[in-house]
Amino acid sequence: MSKALEKKGVTQEILANLKKQVEDAKEKRKEMEASQATQKKLSQQFGAYKKEGKDITPLQDEINQLKENKQKLEDEVREIESSLQNIAMGIPNLPDDCVPIGADENENVVLSTIGEKPTFTFEPKEHWELGENNGMIDFTRGVKLAKSRFAALKGIGARLERALINYFLDFNRERGFEEWYVPFMANTNTLEGTGQLPKFGDDLFKIEGEDLYLIPTAEVCLTNLYNDEIVDKDELPMLLTSYTPCFRKEAGSAGRDTRGMIRQHQFDKVEMVAITTPEQSARIFEKMVNCASDLLTSLGLPHQKVQLCTGDLGFSAATTIDLEVWLPGQNTYREISSISNTREFQARRAKIRYKDGKKNILCHTLNGSSLAVGRTL
């Protein structure tokens, strides 16, 4: 297990700290149990002494001392377990055996290329230049209304954004995904369930004075629709899709894609989520990858499927395939969809289970963009 976690960047120091906290918690629990056993024994002796008329003062003092010690030990155990919980919540999912080992995105593996890249008799322009020249995107007014990394769409740009959202939802629905409309905010418990909290709190927009955050993706709400529930096995797999705006501080991306719509604080996305049995998840993962790929093909957009290596794998993901679309203005492929199987990682945090006979089994959860609307536009 430790070797698998190392592949996802978890250091030996973190693992050693986790192990120490577990051992400390065990020792404190043993002390507490021993103290409780002694207290129980002395309490029985106290009753016998009192009945026999013996001096109970020494026993009373010892029992009082044990009570104080027990409270102290309980506080220490609670503190250690809280610390242990915080460390555990920051440990990422284990990568599947099939995931290639690599340090970063440069070691991802291209699986296949779909569609022919277009050729032009001219030098293609960037989307921000085309968008402004054609009256579709207004970056200046977007910044005026909010701050940098916000844009305003107008005219045909706004209409195309809306049309793409509808097209994506209809496409997914025809592939068996049930459409949902979910809140654009989520509480702490919901964000912990899918792994955004506590580790990625700096990337979230917090609502002041409320236990609410603007959601970074519809995955958060779609997956947690079944938080702390035992779902009917006969209903699995459940395939869900939803449109939401997504809000991200992009705290860890300073200096990246500062121009245009590639990396914004607010963007539209249509999401797919699946809740499955362990036996169904591999098949549904393939179905979701194909759904997003076929959607791109239907739009005539050449793209490639890329298997992420361990160093580029997301926190909750056991395996991920990215779809990268060809951007002529940048003369390169860029991510437009990311399909991940988290296995039981999110279901364990969110307590999403199904009953098999008398046993409660953790579901598998999967998620993927289908698609990021702004990048498609």
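Which strands form the open sheet, and in what order? I looked this up at the start, keeping in mind that the model is predicted.

**Sheet**

I find 3 strands, running β8-β14-β15, in an open sheet with mixed pairing. The edges are β8 (229-231) and β15 (359-362), each of which pairs on one side only. From one strand to the next I get an average twist of 45°. I then checked β14, residues 352-356: it pairs with β15 in the antiparallel sense, over 4 bridges. For a residue to click on, I took Arg353, which stands opposite Leu362 in β15.

**Helix α6**

Next I went to α6, residues 156-174. I count 19 residues there, and the helix reaches 26 Å from first C-alpha to last, close to the 27 Å expected at 1.5 Å a residue.

Which residues of α6 are buried? My list has Gly157, Glu161, Leu164, Ile165, Phe168, Leu169, Phe171 and Asn172. Looking down the axis of α6, I see the buried residues fall within an arc of 165°, so they line one face of the helix. On the other side of α6 I noted Arg159, Arg162 and Glu174 as exposed. After the helix comes Gly176, with a positive phi near 100°.

**Aromatic pairs**

How many aromatic pairs does the structure hold? I get 6. One of them is Tyr167 with Phe171, a tilted pair at 6.2 Å centre to centre and 50° between the planes. Both residues lie in α6, 4 residues apart, or about one turn of the helix. I reminded myself that an α-helix has 3.6 residues a turn, so residues three or four places apart point the same way.

Is Phe171 buried or exposed? Phe171 has a relative accessible area of 12%, so I put it down as buried, the cut-off being under 20%. Its partner Tyr167 comes out at 33% relative accessibility, so I have it as partly exposed.

Trp326 and Tyr333 also pair, this time edge-to-face, with 5.1 Å between centres and 70° between the planes. I checked burial for this pair too: Trp326 is buried, and so is Tyr333. Separately, I found that Phe200, Phe315 and Phe345 form one aromatic cluster.

**Lysines over rings**

Which residue lies over the face of Trp326? I find Lys117 there, at 4.3 Å from the ring centre. I noted a similar entry for Lys206, which lies over the face of Tyr213 at 5.3 Å from the ring centre.

**Helix α9**

I then moved to α9, residues 281-298. This helix has 18 residues and spans 25 Å from its first C-alpha to its last, close to the 26 Å expected at 1.5 Å a residue. The buried residues I wrote down for α9 are Ser281, Ile284, Phe285, Met288, Val289, Cys291, Ala292, Ser293, Leu295 and Leu296. Just after α9, Gly300 takes a positive phi of about 70°.

**Lys26**

Where is Lys26? I located it in helix α2, residues 12-52. With a relative accessible area of 43%, Lys26 is partly exposed. I also looked up its distance to Met185: the two are 159 residues apart in sequence and 38 Å apart in space, C-alpha to C-alpha.

Notes. Residues are numbered from 1 along each chain as its sequence is written. This is a predicted model: local features need pLDDT of at least 70, side-chain atom pairs count only at pLDDT 80 or more; totals for chains, interfaces and linings use all residues. Side-chain values use heavy atoms; hydrogens and water are left out. Helices (H or I, at least four residues) and strands (E, at least two) are DSSP runs, numbered from the N terminus. The expected span of a helix is 1.5 Å times one less than its number of residues. Buried means under 20% relative accessible area, exposed over 50%, partly exposed in between (1.4 Å probe, protein chains only). The arc is that of the directions from the helix axis to the C-beta atoms. Rings of Phe, Tyr and Trp (its six-membered ring) pair if their centres lie within 6.5 Å; planes under 30 degrees apart count as stacked, over 60 as edge-to-face and the rest as tilted. A charge sits over a ring if NZ of Lys or CZ of Arg is within 6 Å of the ring centre and within 35 degrees of the ring normal. Two strands pair if DSSP finds at least two bridges between them. Axes are lines fitted to C-alpha atoms, for helices over the stretch in contact, and angles run from 0 to 180 degrees between N-to-C directions.
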